[in-house]
Amino acid sequence: MKIIIGAAVLSLLPLFSATTRAEHDVVNSKMFVLSDPASEWIHEKALQDGTVMQSFAFDNVNQHIYVVQLMAGGQQLPGENAVVNGANRDANGDLALTQLDMQGNKLGYMYLKGFGHGVQIGVETVGEAVYLWTETDSVKEGSSGWGTQIGRFAFENGKILSTESPDIEKYRPVDGADRTTVNIDPANSLLTLRYRLNGVFHFGVYELEEIKKNHYTPLADVLQPPVGTFQGFASYGGYLYLLEGSSYGSAGSVAPIGNTYITAVDLNTGDVIDKQLITAGDTLSFREPEGLGIHLTNSTQPENAQLSFGFASNFTPNRLASIYYVDRLLPPEDAIHRDAVTD
């Protein structure tokens with residue numbers, strides 16, 4: 001089904017209709033114009049360990065970017081009996097977390113042992129304190145470790161954090177779920193949880209403060225629509241954005257166009273209302289899409305937002321990270337002004 005643009009009227013027929021609907025109305029908001037040309041935020045910056053960026057999030061108050069990656073093999077951390085190779089780091093769910101300034105320069109790092117795959121992360125700022133939200137309590141599936149609940153912890157440069165540490169607060173919003181990952185909508189103080197239950201992926205949206213009180217009634221719970229290789233998510237107000245795609249030369253991705261798409265889902269209905277091919281960063285080598293995040297250009301003006309998406313590039317020995325964004329927000333009937341991509 002395509003969105004047909006008439007002379008004066010835009011029909012918002014869904015591209016995919018979910019079988020679940022929001023429990024309550026989520027925040028009404030405008031929608032990012034996904035078909036706009038993207039702007040570059042940072043270009044090919046080095047990260048801790050030199051591994052592929054998995055996802056990222058912004059500290060909009062203190063002006064930092066946090067990037068999570070799989071931990072590199074070939075190193076031995078304090079308390080380990082021997083050097084651990086990369087395959088075992090992946091299987092264990094061991095992650096590296098890099099703190100960047102807003103120009104992409106490295107400021108600090110942490111190591112997170114046994115957390116998961118780093119599919120998506122969130123940042124919560126409380127005064128001068130910065131808390132990271134990630135998956136945690138990794139369980140191996142296939143060759144990788146994946147989180148089974150979510151955790152909150154303060155950033156502390158150089159710290160090695162294990163899942164048994166008292167410094168991490170853990171939350172399990174959905175009993176029996178696995179493959180849990182998390183993102184924070186900083187404009188509306190909402191937490192979005194991606195989780196798998198009975199083999200099906202969902203997204204639940206919660207008030208952040210209620211989660212911290214262990215109150216787990218969602219504002220919305222919608223099914224994940226059909227997508228390609230899943231690479232990250234972010235919500236802003238009433239819309240959920242999903243990133244998919246693969247590196248050049250894999251899963252049908254061919255340079256310079258690639259197969260990176262962003263899909264927009266209405267959280268009040270679960271319907272997909274837009275899906276656009278993303279061609280930003282087409283000169284990057286490798287070019288694997290990795291992570292979505294909401295950047296507020298002024299933390300006191302939540303209406304001034306950017307939908308940011310990342311790419312990993314370069315080849316061994318070090319992968320590099322780049323971030324692009326779109327920032328035009330319009331009512332959905334105006335935001336979707338081109339034919340959407342259909343599956």
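Which residues line the largest cavity? Keep that in mind as you open the model, which is a predicted one.

**Stop 1: the cavity**

Select Ala57, Phe58, Asn60, Ile121, Gly122, Val123, Asn183, Ile184, Pro186, Gly293 and Ile294, and you have the lining of the largest cavity on screen. The space inside comes to about 60 Å³. The count for this model is three cavities of 30 Å³ or more. Now colour your selection by strand: β3 (53–59), β7 (122–126), β14 (178–185) and β22 (288–296) are the elements that each give two or more residues to this lining. Try colouring by class too, and you'll find seven nonpolar residues, four polar ones and no charged ones.

**Stop 2: serine 235**

Next, click on serine 235, which sits in strand β18 (residues 230–236). Is serine 235 buried or exposed? Serine 235 counts as buried, because its relative accessibility is 0% and the cut-off for buried is under 20%.

Show its surroundings. Leaving aside residues up to four places away in sequence, serine 235 touches Asn183, Asp185, Thr192, Leu240, Leu267 and Ile294. Two names should ring a bell from the first stop: Asn183 and Ile294 are among the residues lining the largest cavity. Now draw a line between the side chains of serine 235 and threonine 192, and you'll be looking at a polar contact of 2.7 Å.

**Stop 3: around the hairpin**

Follow the chain out of β18 and into β19. These two strands form a hairpin with two residues between them, and glycine 237 there takes a positive phi near 65°. β18 and β19 pair in the antiparallel sense over six bridges. For one spot to look at, pick glycine 232: its bridge partner in β19 is leucine 243.

**Stop 4: strand β19**

Select residues 239–244 to light up β19, where six of the six residues are buried. Which way do the residues of β19 point? Tyr239, Tyr241 and Leu243 go one way, while Leu240, Leu242 and Glu244 go the other way. In a regular strand, side chains alternate between the two faces of the sheet. Here the residues pointing either way from β19 are all buried, Glu244 included. One of them, Leu240, is also on the list of residues that serine 235 touches.

**Stop 5: on to β20**

Finish by adding strand β20 (residues 261–266), which pairs with β19 in the antiparallel sense over six bridges. To find a matching pair across these strands, select tyrosine 241 and look opposite: alanine 264 in β20 is there.

Terms used
Residues are numbered from 1 along each chain as its sequence is written. This is a predicted model: local features need pLDDT of at least 70, side-chain atom pairs count only at pLDDT 80 or more; totals for chains, interfaces and linings use all residues. Side-chain values use heavy atoms; hydrogens and water are left out. On a 1 Å grid over the protein atoms alone, a cavity is a set of points where a 1.4 Å probe fits but cannot get out, and a pocket is an open set with protein on both sides within 12 Å along at least five of seven lines; lining residues have an atom within 4 Å of a point. Grid points are joined across faces, edges and corners, and a volume is the space filled by probe spheres set on the points. Helices (H or I, at least four residues) and strands (E, at least two) are DSSP runs, numbered from the N terminus. Ala, Val, Leu, Ile, Met, Phe, Trp, Tyr, Cys and Pro count as nonpolar, Asp, Glu, Lys and Arg as charged, and the others, Gly among them, as polar. Buried means under 20% relative accessible area, exposed over 50%, partly exposed in between (1.4 Å probe, protein chains only). A polar contact is a pair of N or O atoms within 3.5 Å; within protein, one must be able to donate a hydrogen and the other to accept it, and residues adjacent in sequence count only if both atoms are side-chain atoms. Contact means heavy atoms within 4.5 Å. Two strands pair if DSSP finds at least two bridges between them.
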